[in-house]
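Me: I am new to reading protein models. Can we work through this one in questions and answers?

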Amino acid sequence: MGVWVLFNSYTFWIFFLLVFALYSLSRRNFRLQNAVLLVASYAFYGAWDWRFLSLLLLSTVIDFSLARAIEATENARRRKTLLLASMCTSLGILGFFKYFGFFTESFAELMNAFGVQSSLPVLTILLPVGISFYTFQTMSYTIDVYRRELPATKKFFDFALFVSFFPQLVAGPIERASKLLPQVLHPRPQNRSNFAEGLHLVLLGLFKKVVIADNMAPIVNSVFSRDVSSLSGPEVLIGVYAFAFQIYGDFAGYTDVARGVAKWLGFDLMLNFRMPYFAASPSDFWARWHISLSSWLRDYLYIPLGGNRRGTLLTYRNLMITMLLGGLWHGAAWTFIAWGFFHGLILCLYRPFEKLSATTQPRPVVRSGPFVPGRLLSILIMFHLTCIGWLFFRAESVTQVWEMVQRFGNLQLTPFALGAGALIAFYVLPLLLYEGWLERRGDVAALLKTHWWARGLVYGYCILMLWFFPALGHYEFIYFQF
Amino acid sequence: MNLSTFSFRAELKAIALALALLLAVEAGMRWLEPHLSVDVSHIQEIPQIVDRLARAQGEHLLFLGNSTTRRGVDMDVLEPALAEQGVAADDLSVGLVHPDASDILDWLYVYQHNFGAFTAQPDVMVVSFATDNLQDVSPNPQQIRRVARHHTSVQDIPKVFSQDFTTLSQRGDYLFSKVFASFAHRERVRVRLLAMMIPYYKQTEQGLNETQLVSQTLPTKTPQIRYTRLERFLSEVDTAAVRVIFVAMPLRDPYQLDPELRGILERQGAELINLQSVPGITPDAFLDGLHLTPEGAVVYSRALAQKLAPFLKLELYSELPSGR
């Protein structure tokens, strides 16, 4: 993995300083600024593997051209054909690099189960980093142009920057063209609060990745790599809790830093995580977790399927299809599909209760915080349902999931469970308290509106934790594998 | 987001407060540094150890190693055992330098940093090693920080960066450790604080480290085993004036001695004593896989004395010490 790509590396920050310097020197000419960012973005991506720059460029050229062709014609059939061509290309590229091996292996296993030897080709295909993110981003562009929600841009290089913008290229957020493209196409006014907002995001993002995620990783690896029969129930629970915070710290941390860096460049990227473990229901969870993906799936899959407008059964069908494909988006493995299935299931199961709650309870006048007993119970239940999902997500196989679940019968509280549990509490509790406060305030940026000394203390805490408590090993960003 | 109440001055104050906290911790760390651990206080004492040895009477014998030396060489046993072999204690002055977890990279810079003047060099230097301590292994972060903080000066930076710390990550860690004591000692602080706060911390960390050792990519060995640092070390030491003896120490699990290593030592005029297998040292003589128990140290020190005695007698009684 090219080290430039890693936000927690010296190399990235030297790279960013150079880019920022050139970008600032070009501030009188935003076209020149865009050129600087485009070159930097391609250099950023090429640092991982220069051969896949051509794939990024191909995806850009195809969707730019097809969008313009869609806009140029009023013929409905032709427009649809061009849109399908765009989607087939994007999904074809994604399908080949990400799913070819999975489907051929699964097909071969199925044939073997029926006693038929299959001779499908076996290919070892390197997954281009970020491919799931930028293909979805370009698809949303052509779909929005088709829907006439957005004019197709005539500026190829600006469009190329929209696709390849380095802060969000490899792990999101999956930006909508209606939001990011105008920022690319027009001068970005210097907002004095950009520095403060960027700093806030970068510091907290690095804290989430370096302190939380990377310190949870050894606990997760220890639990999930051991022989399951040697684990006690509390140890399995600790492993799952650790993974819940590893994946959150890893992914939310990366996107926070991406948003912070973009903010310093004058760009506003969408919020991707909003205190997800304070969700009180599955639908609430998906309004808080990987918001850019969940909203993409909602707008381009769930709603076109009919959403909740065609009766209960079809609503359930649409929810399941959306969540299954959402699971598959994460990776070519049955565990990801099972994870998606699980989330679809709980969305369906919760749906009657949410509808009942919406019709029988008055809208609260005062926002209730997370520590109100009834809400706290809902949050705890939802957190543990999410953790069950994470068990599917992290496990090596569905068999391992089942074996680990069976270990819950062994209630032995081992020294490892106590020690690892205390480590999780040490690293994670301050973050949860902070996010509980944000939840109470109903504002993800509440810290920016507090007194400077409160902000200084929080920043000081983050810096000291980054200083003294980075993990001893080196851990990749989990979402790079998607 | 439009922060209508945003004040740049307030933001600077917040940053200043955060940095002030860091600087306060740094000041505290510099004050606490000698008391941070036995190992740190020993490392800080190395210049005095070397100076005492240089001023002492008799033959100057320096032991250079790591924690296996600290645990394995019992001077209360070694000196009488040498005396039994005919090496009088009054004829010998001994210094021990043994930073924990150190290897040839550390020893190279310890030697360069402390033995600049010819007259400061020991007469006999015994370098205790095991497994890959003498090989060119990619430096781990703790080692980089140790070398930066204790074993090199600012003038060494060009050499260090061109020969040993060649990646940006290594150089960044080196520079931060050079400037900030708190950064250089971050692992020690981490372990100390967590050991105070986390129940069963050592057991838990051991379990986590075992998984890491199996599955995690640690600083990797170069594909081909090389000894360039050992060669630099030997060229640094004037082997005409200093008798250098390498001692392969016992571990619970035996290890192979590379023929190339033997060849290099022979070509460079250094001696090799293989004490991997010492009668009386069994697997029970080890606290862990590496370090001897006090009882094991007694057995080892006697065996070491027996092997060292001929070299020391040759130095002491067969020729006049150089420069005296």
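What follows is a set of short questions and answers on this predicted model.

Me: How many residues of chain A are in contact with chain B, and how many of chain B with chain A?
Reply: Contact here means heavy atoms within 4.5 Å. By that rule both chains contribute to the interface, with 42 residues coming from chain B. On the other side, the number for chain A is 49.

Me: How much area do chain A and chain B bury between them?
Reply: The size of an interface is often given as the accessible area lost when the parts come together. For chain A and chain B, 73% of that area is on carbon and sulfur atoms. The total is about 4,100 Å².

Me: Which residues in chain A lose the most area to chain B?
Reply: Three residues stand out on this side, together making up 21% of what it buries. They are Tyr10(A), Trp467(A) and Phe468(A).

Me: Which residues form the salt bridge between chain A and chain B?
Reply: The count between these two chains is one salt bridge. A salt bridge needs a side-chain nitrogen of Lys or Arg within 4 Å of a carboxyl oxygen of Asp or Glu. Here the closest N and O atoms are 3.0 Å apart. The partners are Glu11(B) and Arg455(A).

Me: How many residue pairs are in polar contact across the interface of chain A and chain B?
Reply: Pairs count here if both residues have pLDDT 80 or more. Across the interface of chain A and chain B, the number of such pairs is seven.

Me: Which helix of chain A gives the most to the side that touches chain B?
Reply: Elements that give two or more residues to this side are helix 1 (10-25), helix 9 (193-225), helix 17 (415-441) and helix 18 (452-468) of chain A. The top contributor gives twelve residues. That is helix 18.

Me: How many nonpolar residues are on the side of chain A that touches chain B?
Reply: Sort this side by class. It has six charged residues and twelve polar ones. The nonpolar count is 31.

Me: How many of the residues of chain B count as buried, as a percentage?
Reply: Chain B has 14 helices and five strands. Its C-alpha atoms fill a box of roughly 85 × 45 × 40 Å along the principal axes. Buried means under 20% relative accessible area. Of the 324 residues of chain B, the buried share is 51%.

Me: What is the accessible surface of chain B?
Reply: Carbon and sulfur atoms hold 54% of the accessible surface of chain B. The whole comes to about 15,500 Å².

Me: Is Lys209(A) buried or exposed?
Reply: Lys209(A) forms a salt bridge with Asp214(A), with the closest N and O atoms 2.8 Å apart. Asp214(A) is at 6% relative accessibility, so Asp214(A) counts as buried. Lys209(A) is at 1%, which is under the 20% limit. Therefore Lys209(A) counts as buried.

Me: Which residue meets Arg226(A) in a salt bridge?
Reply: The N to O distance is 3.1 Å. Arg226(A) counts as partly exposed because its relative accessibility is 25%. Its partner is at 3% and counts as buried. That partner is Glu235(A).

Me: Which residues do salt bridges that share partners join into one network?
Reply: Start with a pair: Asp443(A) and Lys449(A) form a salt bridge, the closest N and O atoms being 2.6 Å apart. Salt bridges that share partners also build one network in chain A. The network joins Asp284(A), Arg288(A), Arg375(A) and Glu439(A).

Me: What does the side chain of Gln400(A) reach at 2.7 Å?
Reply: Gln400(A) lies in helix 16 (residues 398-406) of chain A. At 8% relative accessibility, Gln400(A) counts as buried. Leaving out residues up to four places away in sequence, Gln400(A) touches Phe224(A), Val228(A) and Ala395(A). At 2.7 Å, its side chain reaches the backbone nitrogen of Glu396(A).

Me: What separates the C-alpha atoms of Ala280(A) and Met382(A)?
Reply: Ala280(A) is found in the loop between helix 10 (233-264) and helix 11 (282-286) of chain A. It is buried, because its relative accessible area of 19% is under the 20% limit. Not counting residues up to four places away, Ala280(A) touches Tyr350(A), Arg375(A), Ser378(A), Ile379(A) and Met382(A). Ala280(A) and Met382(A) are 102 residues apart along the chain, yet their C-alpha atoms are separated by 5.7 Å.

Key
Residues numbered from 1 in each chain as written. Chains lettered and ligands numbered in written order. Predicted model: local features only at pLDDT ≥ 70, side-chain atom pairs only at ≥ 80, totals over all residues. Heavy atoms only, no water. Buried area = accessible area lost by both parts, 1.4 Å probe. Polar contact = N/O pair within 3.5 Å; in protein donor to acceptor, adjacent residues only side chain to side chain. Helix = DSSP H or I, 4+ residues; strand = E, 2+ residues; numbered from the N terminus. Nonpolar A, V, L, I, M, F, W, Y, C, P; charged D, E, K, R; others polar. Buried < 20%, exposed > 50% of the residue type's maximum accessible area, 1.4 Å probe, protein only. Areas by Shrake-Rupley, 256 points an atom, 1.4 Å probe, with all protein chains shown as cover.
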